[in-house]
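Here is a short briefing on one protein chain. Look over the sequence and the fold first, then use the points below as a guide.

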Amino acid sequence: MVFSLQQLYKLETEASATLDRVLKAGKSSKAETLNSAALSKLNKDPLIKFVEDLSQQLEASLKVCKAASLKIEELTNREIETSRKMLQLQEQQLDSVRESVKEVSTSVRDSVKDELKSWASVAANPCKSADSAVRKSVQKAVSSAMESDSRSKNLILYGVRDTNNYED
């Protein structure tokens, strides 16, 4: 038997209907209030029918419960297998990332070493012609800035009122 929710709902409906018939025959509103005194007042034929119905429903319920437990076990095993596969994939991804980081780290380390060697060689062997060219360009820039500066034409007299009539 294959488990399905429809079977479970069908069994519930049948069991509820049978219980309602037994309670009605025993003139009781709840199963807790149904007792042997109320059932002993019933004829034998309705009791036989109730016992037959309940036995059949119990047997069907047991089959559905067994099928449900097998289905649950199957789903649990499938979930465990899926979790294992996911863990394997995650481990593979982590290994790939570790390898990439290692490669990048090696590449960066090698680049830094090469650049440090380049700078060290420049610092060890300064280029005199480049140094003099830089010095000359800085002197030229300073002298051109000094020429455009008209501060040398200004005169400051202390104690004289300032006027806005400036002449060049």
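Among contacts in the protein chain between residues at least 6 apart in sequence, those joining residues at least 24 apart make up 59%. The model is predicted. Its protein chain holds 4 helices and 0 strands.

**Fold and surface**
- Along the sequence, the protein chain reads α-α-α-α.
- The protein chain has 168 residues, and 8% of them are buried.
- About 15200 Å² of the protein chain is accessible surface. Carbon and sulfur atoms account for 58% of that area.

**Helix 3: a buried aspartate**
- Helix 3 covers residues 44-124, and Asp53 has its place in this helix.
- Is Asp53 buried or exposed? Asp53 counts as buried, because its relative accessibility is 11% and the cut-off for buried is under 20%.
- Which residues does Asp53 touch, leaving aside those up to four places away in sequence? The contacts are Thr18 and Arg21.

**Helix 3: an exposed leucine and its patch**
- Leu116 also lies in helix 3.
- Leu116 has a relative accessibility of 56%, so this residue counts as exposed. The cut-off for exposed is over 50%.
- Leu116 is one of the residues in a nonpolar surface patch. Val104, Val108 and Val112 are the other members.
- The patch made by these residues has an area of about 360 Å².

**Two residues to compare**
- Asp53 is buried at 11% relative accessibility, whereas Leu116 is exposed at 56%.

Notes:
Residues numbered from 1 in each chain as written. Predicted model: local features only at pLDDT ≥ 70, side-chain atom pairs only at ≥ 80, totals over all residues. Heavy atoms only, no water. Patch = residues over 30% accessible without salt bridge, like charges linked within 9 Å, V, L, I, M, F, W, Y side chains within 5 Å. Areas by Shrake-Rupley, 256 points an atom, 1.4 Å probe, with all protein chains shown as cover. Salt bridge = Lys/Arg side-chain N within 4 Å of Asp/Glu carboxyl O. Helix = DSSP H or I, 4+ residues; strand = E, 2+ residues; numbered from the N terminus. Buried < 20%, exposed > 50% of the residue type's maximum accessible area, 1.4 Å probe, protein only. Contact = heavy atoms within 4.5 Å.
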